[in-house]
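Colleague: Could you take a close look at a single part of this model and set out in detail how it packs against its surroundings? A connected account would be most useful.

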Amino acid sequence: MIYLKLFLSFLQVGLFSIGGGYAALPLIQSQVVEENGWLSMSEFTDLITIAEMTPGPITINSATFVGIRIAGVTGAVSATIGCILPAFIFASLLAFVYYRYRKLSVIKSILESLRPAVVALIASAGLTILRAAVFGEAEISFDNIRWIEAGCFAAAFLILRKCRWNPILAMILCGAAGLGLHLLFP
């Protein structure tokens, strides 16, 4: 029964995650943390970190990670198929319609109208991850700020925006700095 539940949960994520992996993070959080309680918010943050660092789409990596954690390899296969099935069907139908009617202005208007919703979903996911990293599971207040994590975020933000460094290098440096600082100041 857990395999069907994993399949259906990630089928919902696959059906309603318009805009890519980052836009799907609030949906994954809803299914995995809030509705089913498979992971805590702290574990969900770790899931995002692992899914981000692993090659491949973040949504599929998340489905595979949750599936294997909950029900082993069969759970991973079930969750992953549930996640990719809607995209496979939708992309096939969309490709057919697009190639047939691509010159119509209605198609262009529909695609342009989805952009603001995608931006909002990505911003929501980013703020959720930032909140979890800086405040953990505590309420948002000055007393609950995790200063090492907040400093790593600020440093990464500046490095990426001002210096235009490679994001992978920024992640490695922030990870090393965070590890070092946590070892020095437990």
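Modeller: Helix 2 (residues 21-35) and helix 4 (58-101) cross at roughly 25°, and their axes come within 9 Å. The model is a predicted one, in which local features need pLDDT of at least 70 and side-chain atom pairs count only at pLDDT 80 or more, whereas totals for chains, interfaces and linings use all residues. Residues are numbered from 1 along each chain as its sequence is written, and side-chain values use heavy atoms, with hydrogens and water left out. Helices (H or I, at least four residues) and strands (E, at least two) are DSSP runs numbered from the N terminus. The axes are lines fitted to C-alpha atoms, for helices over the stretch in contact, and the angles run from 0 to 180 degrees between N-to-C directions.

At that angle, helix 2 and helix 4 are roughly parallel to each other; the classes are roughly parallel under 35 degrees, roughly antiparallel over 145, roughly perpendicular from 65 to 115, and oblique for the rest. Helix 2 brings Gly21, Tyr22, Ala24, Leu25, Ile28 and Val32 to this contact (heavy atoms within 4.5 Å), and helix 4 brings Ile58, Thr59, Ser62 and Val66. By class, this contact of helix 2 with helix 4 comprises 7 nonpolar, 3 polar and no charged residues. Here Ala, Val, Leu, Ile, Met, Phe, Trp, Tyr, Cys and Pro count as nonpolar, Asp, Glu, Lys and Arg as charged, and the others, Gly among them, as polar.

Helix 2 also packs against helix 3 (41-53). The axes of helix 2 and helix 3 cross at roughly 140° and come within 11 Å, and the two helices are therefore oblique to each other. Helix 2 passes helix 3 in a right-handed crossing; a crossing is right-handed if the near helix is turned clockwise from the far one by less than a right angle, and left-handed if anticlockwise. On the helix 2 side the contact is made by Tyr22, Leu25, Ile28, Gln29 and Val33, and on the helix 3 side by Met41, Phe44, Leu47, Ile48 and Glu52. This contact of helix 2 with helix 3 has 8 nonpolar, 1 polar and 1 charged residues.

A further partner of helix 2 is helix 5 (residues 105-135), which it meets at an angle of about 60°, with the axes 6 Å apart. Helix 2 and helix 5 are therefore oblique to each other, and helix 2 passes helix 5 in a left-handed crossing. Tyr22, Ala23, Leu25, Pro26 and Gln29 of helix 2 make the contact with Leu121, Ile122, Ser124, Ala125, Thr128 and Ile129 of helix 5. By class, the contact of helix 2 with helix 5 has 8 nonpolar, 3 polar and no charged residues.

These helices also share a nonpolar core, that is, a set of buried Ala, Val, Leu, Ile, Met, Phe, Trp, Tyr and Cys residues joined through side-chain atoms within 4.5 Å. Buried means under 20% relative accessible area, exposed over 50%, and partly exposed in between (1.4 Å probe, protein chains only). The largest such core has 23 residues, of which Leu6, Phe10, Ile28, Val32, Phe44, Leu47 and Val66 touch the most other members. Two or more residues come from each of helix 1 (2-16), helix 2, helix 3, helix 4 and helix 5, and helix 4 gives the most, with 6 residues. Val32, which meets helix 4 from helix 2, is in contact with Phe10, Gly37, Trp38, Leu39 and Val66 when its neighbours within four places in sequence are left aside.

Ala51, in helix 3, counts as buried at 3% relative accessibility. Not counting residues up to four places away in sequence, Ala51 touches Ile58, Asn61 and Ser62. The C-alpha atoms of Ala51 and Asn61 are separated by 5.1 Å, with these positions 10 residues apart along the chain. Ala120 of helix 5 is partly exposed, with a relative accessible area of 46%.

As for the setting of this part, the chain has 7 helices and 0 strands, and its C-alpha trace spans about 60 × 45 × 30 Å along the principal axes. Of its 186 residues, 30% count as buried. Among contacts in the chain with a separation of 6 or more, 52% are between residues 24 or more positions apart.
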